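Trainee: I'm new to this structure and would love a close look at a single part of it. Could you pick one and walk me through it?

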Amino acid sequence: MAVAVLMVFVMCFAPTNGILLYHCFLLATGFNSGEGDSSYAAYLMAVCLGSASVFLDPLLYYYGSSQCREQIRSVFKRDKAEKTASPCNTQTKSTSLTRNLLAVKCEEN
């Protein structure tokens, strides 16, 4: 979970901060060769990418929650139970009538 949160953070906010750092470096060194338009367009794209964290974070926290993990486990357990369970090999507390019906079904198979 921590790795996923870190990946979303890096993916969404590293480009914006990298462009801002590059821009500050250019301002500090006095090197301004008319790159303003292209760096501003890249900055706007990076800000749009940064806003993706607004919808990625809730999805990430939902899928990382214990409630969602329990639902996923129950789906997989149900699939396993349906594949392995058959009337002949289940062990349940049942009445003599149902035991007799199961015995008849097992003998037919």
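**A close look at one span**

Mentor: Happy to! Let's take residues 42-63, whose end C-alpha atoms lie 32 Å apart; the span is 91% helix and 0% strand. Keep in mind as you look that this is a predicted model. The choice of span comes from a record: an unreviewed UniProt entry lists residues 42-63 as "transmembrane region".

Now find helix H3, which covers residues 53-63. Serine 53 belongs to helix H3, and this residue is a good place to pause. Is serine 53 buried or exposed? Its relative accessibility is 7%, and buried means under 20%, so serine 53 counts as buried. As for its surroundings, leaving aside residues up to four places away in sequence, serine 53 touches Val8, Cys12, Phe13 and Pro58.

Let's step back to see the setting. The chain has five helices and zero strands, so to speak an α-α-α-α-α run when you read the elements from the N terminus on. Buried residues, serine 53 among them, make up 10% of the chain's 109 residues. The chain exposes about 8900 Å², and carbon and sulfur atoms supply 66% of that area. Finally, consider the contacts between residues at least 6 apart in sequence: 69% of these join residues at least 24 apart. To retrace the path on screen, start with residues 42-63, move to helix H3, and end at serine 53 with Val8, Cys12, Phe13 and Pro58.

Key:
Residues are numbered from 1 along each chain as its sequence is written. This is a predicted model: local features need pLDDT of at least 70, side-chain atom pairs count only at pLDDT 80 or more; totals for chains, interfaces and linings use all residues. Side-chain values use heavy atoms; hydrogens and water are left out. Helices (H or I, at least four residues) and strands (E, at least two) are DSSP runs, numbered from the N terminus. Buried means under 20% relative accessible area, exposed over 50%, partly exposed in between (1.4 Å probe, protein chains only). Contact means heavy atoms within 4.5 Å. Accessible areas come from the Shrake-Rupley method with a 1.4 Å probe; for residues, only the protein chains shown count as cover. UniProt positions are given in the numbering used here, feature names are shortened, and annotations may be inferred rather than shown by experiment.
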